[in-house]
Each structure stands twice: as C-alpha cells, then as structure tokens.
Protein chains: 2
Amino acid sequence: MADDTAKGAPRPRTRIQQRNTEAILDAALEVFSAQGFRGATLDQIATEAGLSKPNLLYYFPSKEAIHIALLTSLLDDWLAPLREMTDSGDPQAEIMRYMRRKLDMSQTMPRESRLFANEILQGAPRMGAMLGTDLKALVDEKAALIRRWAEAGQIAPVDPHHLIFSIWALTQHYADFDVQVRAVLGPGHNPHAEAEIFLSTLFEKLLKP
Amino acid sequence: MADDTAKGAPRPRTRIQQRNTEAILDAALEVFSAQGFRGATLDQIATEAGLSKPNLLYYFPSKEAIHIALLTSLLDDWLAPLREMTDSGDPQAEIMRYMRRKLDMSQTMPRESRLFANEILQGAPRMGAMLGTDLKALVDEKAALIRRWAEAGQIAPVDPHHLIFSIWALTQHYADFDVQVRAVLGPGHNPHAEAEIFLSTLFEKLLKP
DNA sequence: CCTGCGTCTGACCGTGTGGTCAAACCGCCC
DNA sequence: GGGCGGTTTGACCACACGGTCAGACGCAGG
C-alpha cells in the first residue's frame, strides 16, 4: 500500500499530479458507488473530475486500476473505528462507541459504504484476497478481545464474530439502503438520529451482563 | 400486477410460452443478482436460459422489461413473511417467527436478496415508485401493529419502523454479504445456523417487556 | 528565443452489447 | 399433405465503451 507503483495510481510527485489523482479518485468514488463497477463509465468519471478521458488514462492505466486504488486506499479508513476498539476502557462503552462511530460513518461516508457493498455483492472479485487475510486477521483479533470481555463477565456472553457482523449490518443498512429507509419512513424523519437511539438501546440490552 | 400486458412479460398462454418465460426469468435472476443490471448481458441470460438472444426478445421487449418483471413478481414473495405477521398469536413469538422466516429466506433465496440489494443500492431506479406506496403502506400497517403491542406492554417499547429495518438489515446481511461473512469466519462454520442462534438471543433481549 | 519535459487532447480503433428483421422452422388442425 | 399460427434464428445495425496514439500545449531553465 505504501508502494503505489505496484498496481494502480502513479506516485503523486508534482503538485498537479496530486491534485488530479485526488480529483479522479473522488469522482470515481462518486460514480462507482452510484453505478457499480460495470455501470460506471470512464466518460462519467472524467466529466465528474473535470478532465478528459485520455487524461484519466494518463494518471491511471485502466478503469480497473482506479477501482482497485479506491478500494485499497479506503479500506484503511473504513476499518479504522474497529482498530480503535481496545481494552483501554469500559468494554460495553468501547463497543457502543464503535457502533456509534460506524453509524456516523454511514452518514458522513455513504459513498464509501456503497462502494464496498457493491464490491461484496458482486462476490468481491477485486477484493476477495483481502477479506480472508487482512480483514479476517483484524476481526479475529477484535473477536478475541470481545470474547475475553464476555468470559470476564463484563458483557453478556455473545458470539463475538456475529456481534461484529450485526454492527456492520445495522449501521451500513442506513447508508446502503438509504432510499428504502427514507421512502418507508416518509418525510419529516431523521433516519440517522432515530437509528442512533434505536441502536443504542438495542446494543445496551444485548450487551448488559 | 395481474395485467402482465401493461409492462414487461407477455401473458403466458401456451405451454411453451409458460416454460420459456419461466426459464428466462430464472436465468435473469441468476445473472442480474450476480452482476447487477448494467453488468448483466442479454447473451449471458440467453445462454443461461438455453435460448438465443433474439428469442429472449421475442418474449420480452427489452432487457429492462425482464428486470422490471423480475422485481415486481418477486416483491410479493419477498414481503410475504411480513404480511403473515398478525396479531393472532403471542406478539414476541410473531416477531421472532418473522425474523426466522426472513433469515431462512436469505439462505434459500439469496439471489432474490441480492437482486433487491442491487436495485436499492443504485437508488431504486426501477422500483422507487413501489417503495413509497406499496411497501410503505405495508410497513406502516405492521408498524402500527407492533406499536399496539408495545403500548399494551406485550413487548418492550421499541421504535416499530426501526425494529423492522433491523430485521431486514440483519437477515439480509447474511445473504448479501455472504462472501465477506464466510471469508471472515473461515472454514468450518455454518453462518446461517450461528446467525439464527445469535439473532434469536438478540431479539429476545430486545423485545422482552 | 530554443529546448525539453510534463501535461493534455482530438481523432481513432476494436469490441461488446442492446435491439431489429426477414426468413426459416415446427407442429397442430383441416 | 397443405396451410397457418406460433416460435426460432442468423445476419445485421448503431452505438457506447475502454483504450491507444501522435501530436499539441505550456512552462521552466538556458
């Protein structure tokens, strides 16, 4: 990930390269997350980025390279909240904090959420490798942490992996299925505010020892 | 929905029409759910259905018509479990039963789940209308039912709409994000069996008055 | 002003894809 | 068998899309 030359974006040296690669990645995030990989078009991304299509391909060797660059660079941010869940504080508070940060992210970074959702839905053709290695390692580590909390009686005994899955499912639902949520609730609702209250009580009841 | 001629599939009159339209819809479900609308190809669907591409277009006027026919015909099945949740029995048992049926569906009908997920993710371009009318009406009705249960003290006081959302999110997660779940759990796991246990305790704790 | 390098683009290409159409095929009823 | 729906297909079209390339542009250093 430190070596950009391996695959994907050229190392941003000059000021202008920095600016354009950023513009491309942002535009690509916008388009890929809304249309999926195959649904997205280089022309769309180029227009969104304010560049010409050949100019895109001056900075990235292919459409797929842009997609891969996006996924890998975003995975870190995406998993940051989980990484920050440590045994430094009250276990239940740690988990609640993780859930809230994840919910916040689904509100502030819905495009990223949808990008990953699209990728996983299609069977993770461009990210499958990372799932079984990096992601699994991180989740296993945190699951072990949660298991220790449970064994110590600090939280209720729950399956750690599925607890994490439930946090993912519930928080990302409000980003990925936003249209549905809003359509069902109708006007005059604030989905995320309501979700925070609901999910707080849900996980409090679930985790109380 | 009773009048197929309005948009989409021709009315299946003869034996052969019945057989072929079914084959097409099944093949289309397979391909659309795995590749998304734009990712899917008429040739793929035709091959999967054992027909030629022009023959597809003899039965359906366009690619989009197939997609719409799929979505509308499946929405009924998809919402059936929610419809069957009535106040005929014990409230908590009714909700638990709904959750379990939904979880079973995510195991037995993962293609349908992914098809809807794809559609919603892309902003429901071909189903948006139904969300705010049919779906909203049904959910509002059942939400009112749940609210009555809560007010009668038969279940804990929870936001009915978000309770339903949480059931959707948690159960569909195991279908839509199957690759991720399996990659993280590793071999030797039965995601759905574990999910049923986890979700059972989760909703029991949540709903207990 | 010239050179040279990084940046950018118009024009182009090959392929994949949704869709059309005239003609052929098939099987049932007279 | 002949006719006649309904059914099937090969050949074809228009166009969108990913990607290429030769060259133009712009600007810093001499």
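These are my notebook entries on the DNA surfaces, the nonpolar core, one helix and one loop residue of this structure, which is a predicted model.

**Entry 1: DNA strand D**

I began with the protein around DNA strand D, where I found 18 residues, and the nearest of them are Leu42(A), Lys63(A), Ile16(B), Gln17(B) and Tyr59(B). I then looked at which part of the strand faces the protein: of the atoms of DNA strand D within 4 Å of the protein, 56% are sugar or phosphate atoms, and the rest belong to bases.

For polar contacts I noted two that involve phosphate oxygens of this strand. One such oxygen is 2.9 Å from an N or O atom in the side chain of Ser52(B), and a polar backbone atom of Ala40(A) lies 3.3 Å from a phosphate oxygen. A base is also reached, since a polar side-chain atom of Lys53(A) is 3.1 Å from a base nitrogen of DNA strand D. Looking up where the surface comes from, I found that α3 (53-59) of chain A and, in chain B, α1 (15-39) and α3 (53-59) are the elements that give two or more residues to it. By residue type, the surface near DNA strand D holds eight nonpolar, seven polar and three charged residues.

**Entry 2: DNA strand C**

I went through DNA strand C in the same order, and here 18 residues surround the strand, with Gln17(A), Asn20(A), Tyr59(A), Leu42(B) and Lys63(B) the closest. Of the atoms of DNA strand C that come within 4 Å of the protein, sugar and phosphate make up 62%.

On the phosphate side, I recorded a polar side-chain atom of Gln17(A) at 2.7 Å from a phosphate oxygen of DNA strand C, and a polar side-chain atom of Ser52(A) at 3.0 Å from a phosphate oxygen of the strand. On the base side, an N or O atom in the side chain of Lys53(B) is 3.1 Å from a base nitrogen. At least two residues of this surface come from each of α1 (15-39) and α3 of chain A and α3 of chain B. The residues near DNA strand C divide into eight nonpolar, seven polar and three charged.

**Entry 3: the nonpolar core**

Next I looked up the largest nonpolar core, which has 139 residues, and those with the most contacts inside it are Phe32, Leu163 and Phe203 of chain A and Phe32, Leu163 and Phe203 of chain B. I followed Leu163(B) outward and, leaving aside residues up to four places away in sequence, found that it touches Phe198(A) as well as Ile95(B), Ile146(B), Val158(B), Phe203(B), Leu206(B) and Leu207(B).

**Entry 4: helix α6 of chain B and what follows**

I checked helix α6 (residues 110-121) of chain B, whose twelve residues reach 16 Å from first C-alpha to last, close to the 16 Å expected at 1.5 Å a residue. The helix is mostly covered, with ten of its twelve residues buried, and the buried ones include Glu112(B), Arg114(B) and Glu119(B) along with Leu115(B), Phe116(B) and Ile120(B). After α6(B) comes Gly123(B), which has a positive phi near 90°.

**Entry 5: Ala124 in both chains**

Most residues other than glycine have a negative phi, and I therefore noted the exceptions that follow. Ala124(A), not a glycine, has a positive phi of about 55° and sits in the loop between α6 (110-121) and α7 (128-151) of chain A. I looked up its accessibility and found Ala124(A) buried, with a relative accessible area of 4%. In chain B, Ala124(B) also has a positive phi of about 55°, lies in the loop between α6 and α7 (128-151), and counts as buried at 5% relative accessibility.

How values were computed
Residues numbered from 1 in each chain as written. Chains lettered and ligands numbered in written order. Predicted model: local features only at pLDDT ≥ 70, side-chain atom pairs only at ≥ 80, totals over all residues. Heavy atoms only, no water. Near = heavy atom within 4 Å. Polar contact = N/O pair within 3.5 Å; in protein donor to acceptor, adjacent residues only side chain to side chain. Helix = DSSP H or I, 4+ residues; strand = E, 2+ residues; numbered from the N terminus. Nonpolar A, V, L, I, M, F, W, Y, C, P; charged D, E, K, R; others polar. Core = buried A, V, L, I, M, F, W, Y, C linked by side-chain atoms within 4.5 Å. Buried < 20%, exposed > 50% of the residue type's maximum accessible area, 1.4 Å probe, protein only. Contact = heavy atoms within 4.5 Å. Expected span 1.5 Å × (residues − 1).
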